Amino acid sequence: MNHMNRKIWNVPEQEHTPYDVYQNRKAHRREFLKFMGYGLGIAGFADLLSGCKQATQEEIEQAGAVEPLPEESRSVYPAPRNKTFEYGRPETVEKEAVEFTNFYEFTGPTSKESWKYVEDFKTTPWSVSIEGECAKPRTLDLDDLYKEMKFEERAYRHRCVETWAMCVPWTGFPLSSLLKLVEPKATAKYVSFETFNKPNEAPYMKSSGPTTWPWPYTEALTIEESMNDLAFIATGLYGNPLLKQSGAPIRLVVPWKYGFKSGKSIVKIKLTTEQPATFWNTVNPNEYGFVANVNPKVSHPRWSQRTEWMLGTEKRYDTQLYNGYEEFVGDLYPS
């Protein structure tokens with residue numbers, strides 16, 4: 001008899017949560033709990049029910065709060081808004097954006113409530129090394145970044161490959177301004193981003209181990225994408241330093257690509273001559289390509305990308321090519 005070792009992300013069709021139950025979570029809450037109860041068993045269902053009480057924004061912020069910044073660094077918040085960028089739709093309520101997050105190091109694929117599991121994650125001290133194909137490689141700690149970078153706030157749309165979306169104000173600086181500090185060589189064709197590797201501080205990273213997932217999380221862009229003004233390094237959200245579940249203390253934001261391209265809690269940036277391996281493109285290349293530009297005409301193998309729904313309101317919009325940022329990045333991808 002042949003036995004198939006099913007990958008953790010390859011959930012059988014019959015075990016998928018029905019889409020209408022998931023999408024209309026408020027209208028179908030009772031049906032959802034009933035459905036989940038059958039799959040979880042009594043013990044798991046009891047755990048689920050115990051979590052049904054809605055957390056307050058204060059509780060969520062306290063759970064994910066980072067160590068207070070020195071006053072000199074804290075003074076950059078709130079940063080002046082760059083008026084070049086507009087949402088084109090209502091801003092997402094802050095509680096919705098910091099409560100519903102993908103951060104597999106803490107929860108794996110089973111939950112969006114990473115704020116419940118980040119307490120032990122230490123974000124200070126923190127440093128970021130920039131190395132590889134550059135003339136002046138450097139390692140910068142947070143104080144260096146706050147002293148050397150010019151901070152601003154940008155109102156960006158964010159689109160997840162799972163079809164949910166949000167509109168949030170990030171604080172930070174263009175990625176290009178950081179790369180210019182190290183003077184990229186002409187041989188630099190790609191820029192890779194590596195997140196932290198602290199299994200003792202991230203529950204799912206520890207429980208899953210490197211044989212299940214290729215930790216640490218990695219992502220990459222071409223050098224042209226990296227030098228585009230839209231590519232952004234964020235240290236804050238909603239006028240305050242990032243919470244742990246949102247990628248503290250420093251993360252990438254690439255708003256014209258699906259959200260998994262925007263790596264969180266970055267510790268290394270490396271300029272390379274060859275296209276580097278990336279987390280999801282390694283785990284499941286048939287579903288998560290290297291480029292990953294938002295495109296309504298290119299469906300995910302298991303769902304359509306033609307529409308998206310907003311966190312909080314659940315209002316549905318038509319998906320736009322490059323998430324609506326074609327005027328900024330369209331010339332990167334000649335047809």
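Biologist: Let's start with contacts between residues at least 6 apart in sequence: what share of them joins residues at least 24 apart?
Modeller: This is a predicted model, where local features need pLDDT of at least 70, side-chain atom pairs count only at pLDDT 80 or more, and totals for chains, interfaces and linings use all residues. Residues are numbered from 1 along each chain as its sequence is written, and side-chain values use heavy atoms, with hydrogens and water left out. A contact means heavy atoms within 4.5 Å. Among contacts in the chain between residues at least 6 apart, the share joining residues at least 24 apart is 72%.

Biologist: How many helices and strands does the chain have?
Modeller: Both are DSSP runs numbered from the N terminus: helices are H or I with at least four residues, strands are E with at least two. On that basis, the chain comes to 12 helices and 12 strands.

Biologist: And what percentage of the 335 residues is buried?
Modeller: Buried means under 20% relative accessible area, exposed means over 50%, and partly exposed is in between, using a 1.4 Å probe and protein chains only. Out of the 335 residues in the chain, the buried ones make up 51%.

Biologist: Is Gln245 buried or exposed?
Modeller: Gln245 lies in the loop between β8 (240-241) and β9 (251-253). Leaving aside residues up to four places away in sequence, Gln245 touches several others, including Ile60, Trp115 and Lys264. Because its relative accessibility is 0%, Gln245 counts as buried.

Biologist: Which residue has its backbone oxygen 3.1 Å from a polar atom of the Gln245 side chain?
Modeller: Phe103 and Val98 are among the residues that Gln245 touches. The backbone oxygen lying 3.1 Å from a polar atom of the Gln245 side chain belongs to Val98.

Biologist: Now Asn295: which residue is 26 residues away in sequence but 4.7 Å away in space, C-alpha to C-alpha?
Modeller: Asn295 is found in the loop between α11 (279-283) and β11 (307-310), and it counts as partly exposed because its relative accessibility is 21%. Its side chain reaches the backbone nitrogen of Lys297 at 2.9 Å. The residue 26 away in sequence and 4.7 Å away in space is Leu321.

Biologist: How many aromatic pairs are there?
Modeller: Rings of Phe, Tyr and Trp (its six-membered ring) pair if their centres lie within 6.5 Å; planes under 30 degrees apart count as stacked, over 60 as edge-to-face and the rest as tilted. By this rule, the count of aromatic pairs is 29.

Biologist: How many residues apart in sequence are the parts that Tyr104 and Trp213 tie together?
Modeller: Tyr104 and Trp213 form an edge-to-face pair, 5.7 Å centre to centre with 75° between the planes. Both are buried. Tyr104 lies in helix α6 (residues 104-107) and Trp213 in the loop between α9 (203-208) and β6 (218-222), so the parts tied together are apart in sequence by 109 residues.

Biologist: What about the parts that Tyr156 and Tyr325 tie together?
Modeller: Tyr156 and Tyr325 also pair edge-to-face, 5.9 Å centre to centre with 70° between the planes. Tyr156 lies in strand β3 (residues 152-159) and Tyr325 in the loop between β12 (316-318) and α12 (326-329), so the separation in sequence is 169 residues.

Biologist: Over which ring does the charged end of Lys264 sit?
Modeller: A charge sits over a ring if NZ of Lys or CZ of Arg is within 6 Å of the ring centre and within 35 degrees of the ring normal. Lys261 does this with Phe290, 4.2 Å from the ring centre. The charged end of Lys264, at 5.2 Å from the centre, sits over the ring of Phe103.

Terms used. Polar contact = N/O pair within 3.5 Å; in protein donor to acceptor, adjacent residues only side chain to side chain.
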